[in-house]
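Me: I am new to this structure and would like a close look at a single part of it. Could you pick one helix and walk me through its surroundings?

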Amino acid sequence: MTPIINLSHISYNYEEVSALNDISLEIYAGELIFFTGPNGCGKSTLLLQYQEQLIAQGIEAEQIIAINLEDLDYEELCEYKALYKYIQSRLHPSKTTYIFIDEIQKVPEFEKAIDSLYIKPNVD
């Protein structure tokens, strides 16, 4: 099976601060991936690197839904039904949609939204 995302030896710096140092990871279709760790350890940077990798592989920007729940623009999505409706309304009708949610723990019962999206066709 071929991974949909294959990052190999990724490093990323913000000026003199290392956000990622020699990270390698493969993600396969159908996998649900969660990153945990303290603030500033590189989780958000890693999500951005994955998105850039998808675009470099020819995935259209319209196929990527990226939500950072630290951004007040997304505050209304901190309720699982609102999050689900928002994502569902942006799913690509005929191609795989890749969903990235930063700070998902801010949504009580987020598992309900994720489980419901996971059973939809063309969602990764």
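Reply: Here is a walk along helix α1, followed by a look at the parts around it.

A word on confidence comes first, as this is a predicted model. The mean pLDDT of the protein chain is 88, and 100% of its residues reach 70 or more. Among the elements, helix α2 (residues 80-89) has the highest mean pLDDT, 97, and β1 the lowest, 79.

Now to the helix. Helix α1 covers residues 43-56, which makes 14 residues. From its first C-alpha to its last it reaches 20 Å, close to the 20 Å expected at 1.5 Å a residue. Just after α1 comes G58, with a positive phi of about 100°.

Which residues of α1 are buried? They are K43, T45, L46, L47, Q49, Y50, Q51 and L54. As for what they meet, the buried residues of α1 pack against four strands: β1 (5-14), β2 (17-27), β3 (64-68) and β4 (98-102).

Y50 is a good place to zoom in, and you will find it in helix α1. Its relative accessibility is 1%, so Y50 counts as buried, the limit being under 20%. Leaving out residues up to four places away in sequence, Y50 touches I5, L7, L25, I27, F35 and F100. You can also compare sequence and space here: Y50 and N6 are 44 residues apart in sequence, yet their C-alpha atoms are 8.7 Å apart.

One of those partners deserves a second look. The model has 2 aromatic pairs, and F35 with Y50 is a stacked one, with 5.9 Å centre to centre and 25° between the planes. F35 lies in the loop between β2 and α1 while Y50 lies in helix α1, so the pair ties together parts that are 15 residues apart in sequence. F35 is partly exposed, with a relative accessible area of 29%. Y74 and Y86 form an edge-to-face pair, 6.1 Å centre to centre with 80° between the planes. That pair links distant parts of the chain, since Y74 sits in the loop between β3 and α2 and Y86 in helix α2, 12 residues apart.

Following the chain onward from α1, you reach Q63, in the loop between α1 and β3. Q63 is buried, because its relative accessible area is 6% and the limit is under 20%. Its side chain reaches the backbone oxygen of T96 at 2.8 Å. Neighbours within four places in sequence aside, Q63 is in contact with H92, K95, T96, T97 and Y98.

To finish, here is the nonpolar interior. The largest nonpolar core has 18 residues, and those with the most contacts inside it are I67, L83, I87, I99, I101 and V107. Two or more residues come from each of β3, α2, β4 and α3 (110-118), and α2 gives the most, with 5 residues. I67, one of these core residues, is in contact with Y74, L77, L83, Y86, I87, F100, I101 and D102, again leaving aside neighbours within four places in sequence. Apart from this core lies another, of 14 residues, among them I5, I10, I27 and F100. Of these, I5, I27 and F100 bring you back to the helix, for they are among the residues that Y50 touches.

Note on methods:
Residues numbered from 1 in each chain as written. Heavy atoms only, no water. Expected span 1.5 Å × (residues − 1). Buried < 20%, exposed > 50% of the residue type's maximum accessible area, 1.4 Å probe, protein only. Contact = heavy atoms within 4.5 Å. pLDDT = per-residue confidence, 0-100. Core = buried A, V, L, I, M, F, W, Y, C linked by side-chain atoms within 4.5 Å. Polar contact = N/O pair within 3.5 Å; in protein donor to acceptor, adjacent residues only side chain to side chain. Phe/Tyr/Trp six-rings, centres within 6.5 Å; stacked < 30°, edge-to-face > 60°.
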